[in-house]
Amino acid sequence: MWRAYSADYLKNNRATAVSIMTAAFISSLLLSLLGSLFYNMWKYEVERLRAEGDQYALMAMYLVRDANDEAPRLVFPLFLLIMGLASVSLVIIIHNSFAVSMQARIHQFGILSSIGATPRQIRRCLVQEAAVLCAAPVAVGTLFGIAASAGLLALLEWLVREVDGRREHVFGYHPLILLVTLLATGITIGISAWLPARRMSVMTPLDAIKNTGELHLKRKKHSPILSLLFGVEGELAGNALKAQKRALRTASVSLLLSMTAFTLMQCFFSLSEISTRETYFEKYQNAWDIMVTVKDTGTGVFEEKEPLSEIPGVEDVIVYQKAQARRYMTEEEMSEEMQANGGFAHDSGKHVTKERGGFLVNAPIIILDDASFMAYCGQIGVPQRTDGAVIRNLIRDVTNPDFRHPQYMPYIEPCDTTELRAQTGSGAVEISVLGCTEEVPVLREEYAAMDKYELVHFVPASLWSEMAGELSGAKKDTFIRVLGREGISLEELECIQGEIEEMLAGVYVMESENRIREYETNGRQFQGMMLVFGSFCVLLALIGVGDVFSNTLGFVRQRKREFARYLSVGMTPESLRKMFCIEALVLAGRPMLYAAAVTFFAVGGMLKASYMEPAEFLAEAPLLPIAGFMLAAGGMVAFAYFLSWRKMRKMNLAEILRDDTMM
């Protein structure tokens with residue numbers, strides 16, 4: 001009997017069945033996507049650690065590890081935590097789809113209870129219906145989730161294919177992930193269906209028979225804005241939405257979260273991309289075309305500079321190394337501007353050390369090849385010799401936190417000699433100063449970024465070879481900065497890069513990068529991150545839109561008495577259509593307004609923190625993607641109400657008031 005009853009109900013209420021199947025599909029799709037993405041992220045880490053031979057970190061990635069088993073058998077706890085949170089969230093979100101179907105049948109359940117049906121039988125019937133409806137959507141949604149994960153990871157792999165040092169990732173899937181996904185989906189849907197089924201089953205037969213399923217407000221509330229804008233229809237639409245407030249809560253929250261998250265994500269990544277471009281790529285675009293890092297060379301003379309300079313298309317080559325020392329300074333040696341600005345009083349003690357009436361500051365040393373150092377001396381107008389150093393005589397005003405528009409002042413008074421001390425030990429050396437200047441060599445280097453009080457020294461390689469025994473502190477790597485001709489193309493840079501790598505291969509361990517490719521790769525990385533976060537925003541919006549469909553289509557039957565009463569007092573079908581349009585507008589427009597308000601204040605905070613001018617951000621603000629996302633979500637809400645209106649228009653509303661069964 002129960003099977004026949006369920007089959008007959010589902011046959012005559014296809015819209016309700018579709019809404020439940022949609023909720024099940026979205027739930028399984030999201031959980032499957034999460035499971036697959038987390039598994040592949042974990043798999044990539046395991047492969048990387050295995051390749052690097054980090055056995056301790058590798059063992060930590062497994063809950064149980066079999067040395068003879070190359071495939072991971074258990075996923076890490078974070079995955080289980082995320083899946084649990086996602087399942088709880090989905091229960092809160094999708095159980096309303098089941099509640100709508102069951103709420104519309106209270107009258108029937110009352111009649112069935114009056115003739116002997118037990119609460120347990122009613123509950124079992126409803127849960128069985130949910131299982132039958134959800135079996136196929138869960139299977140399809142799980143497969144779609146796996147496919148979506150594979151497609152998303154393939155797209156990300158393509159976007160970051162040029163990133164140096166990354167390992168190629170091959171998509172993988174483990175049967176255990178499928179089992180966990182299906183189990184989580186089953187539990188999620190089971191709880192979502194059981195909660196409203198339990199409520200329905202415990203109602204007394206009399207209460208159920210008396211229940212018409214119609215939504216009511218205990219007290220009518222005035223909607224001044226809607227009344228002002230749309231008149232009577234606005235007032236009625238406002239009350240209808242308030243009556244459905246609980247049922248539409250899932251849709252409202254999902255739409256609000258998706259729109260807010262998508263808008264904030266777009267604005268954040270756009271602001272980050274602008275900032276990276278301005279503070280890195282545009283700032284140093286004339287300072288380098290190719291950078292080569294030669295590993296573990298020590299501070300010896302790098303003899304391959306001349307062959308590199310002869311490569312066609314190369315305009316300039318600088319070979320340099322780095323070392324670290326400290327420099328003693330008294331207050332008298334500070335510039336007048338530095339003293340007037342408080343000297344070292346603003347330092348917390350982290351970077352500057354007081355010592356015998358003076359101060360010890362960090363003094364990074366940039367060791368240029370002799371020819372490049374001589375050219376640099378000629379550029380700034382000091383004697384072209386290799387027996388002294390050039391000091392960067394510039395310090396930022398540390399009282400001004402605006403790092404985007406910094407203000408500088410002279411650091412020290414001109415001097416003839418400088419004493420550099422070893423960072424560790426007692427070694428020290430005094431060398432002559434060829435000049436103090438604000439101009440630095442054309443290198444892709446940022447000075448005094450973390451430590452604002454650094455006093456940078458530039459020395460030739462031949463002089464460093466004499467100082468190295470006293471100071472030590474030299475880094476192991478050698479850096480080669482290559483400049484090509486003005487307006488050089490990516491193809492030409494890659495050709496030069498290939499020749500450099502071929503020339504140094506077999507002799508040195510090295511890494512190289514070129515400016516144009518790095519810029520394109522950076523853009524792809526931003527696109528990849530936006531793609532991942534955007535996909536979850538879309539899924540969240542789909543949950544909200546799915547809930548709108550289930551409510552609007554499911555509540556048509558419950559609201560038909562309401563529509564009939566409106567018609568009986570003189571309202572026209574056109575007025576009812578207007579009422580539907582107002583409800584759709586409010587349901588979609590309210591999250592848009594809230595999202596816009598949240599984004600306005602959040603972006604204002606981000607602009608203030610990054611010291612970026614609002615006009616600069618607005619010129620590149622992602623208005624089109626945001627508008628497209630919101631219009632798409634709003635359009636789906638409008639489409640759901642259009643289908644409801646079309647369904648309602650086909651009903652014989654004149655006979656509804658005489659129908660006590662509501663079926």
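**Nonpolar cores and a surface patch**

Phe 617 touches Cys 267, Ser 270, Leu 271, Ile 274, Val 603, Leu 607, Met 612 and Pro 622, leaving aside residues up to four places away in sequence. The model discussed here is a predicted one. Phe 617 also belongs to the largest nonpolar core, a set of 49 residues, where it ranks with Val 548, Leu 576, Val 637 and Tyr 641 among those with the most contacts inside the core. Helices α10 (232-243), α11 (249-284), α17 (515-558), α18 (560-568), α19 (573-610) and α21 (623-649) each supply at least two residues, and the most, 11 residues, come from α19.

A second, separate core holds 20 residues, including Met 291, Leu 434, Val 456 and Phe 458. A helpful way into this region is strand β10 (residues 457-460), which is covered on both faces: His 457 and Val 459 are buried on one side, Phe 458 and Pro 460 on the other. Strand β4 (residues 358-368) runs parallel to β10 and is joined to it by 4 bridges, with Ile 366 opposite Phe 458. Strand β5 (residues 388-392) pairs with β10 in the antiparallel sense over 2 bridges, and here Val 390 stands opposite Phe 458.

In soluble globular proteins, nonpolar side chains tend to be buried together. The surface of this model nevertheless carries a nonpolar patch, formed by Val 127, Leu 183, Ile 187, Ile 191, Trp 194 and Leu 195, with about 490 Å² of accessible area together. Helix α7 (residues 175-201) gives the most to the patch, with 5 residues. Leu 183 lies in helix α7 and counts as exposed because its relative accessibility is 53%, where exposed means over 50%.

Methods: Residues numbered from 1 in each chain as written. Predicted model: local features only at pLDDT ≥ 70, side-chain atom pairs only at ≥ 80, totals over all residues. Heavy atoms only, no water. Patch = residues over 30% accessible without salt bridge, like charges linked within 9 Å, V, L, I, M, F, W, Y side chains within 5 Å. Areas by Shrake-Rupley, 256 points an atom, 1.4 Å probe, with all protein chains shown as cover. Salt bridge = Lys/Arg side-chain N within 4 Å of Asp/Glu carboxyl O. Buried < 20%, exposed > 50% of the residue type's maximum accessible area, 1.4 Å probe, protein only. Core = buried A, V, L, I, M, F, W, Y, C linked by side-chain atoms within 4.5 Å. Contact = heavy atoms within 4.5 Å. Pairing = 2+ DSSP bridges.
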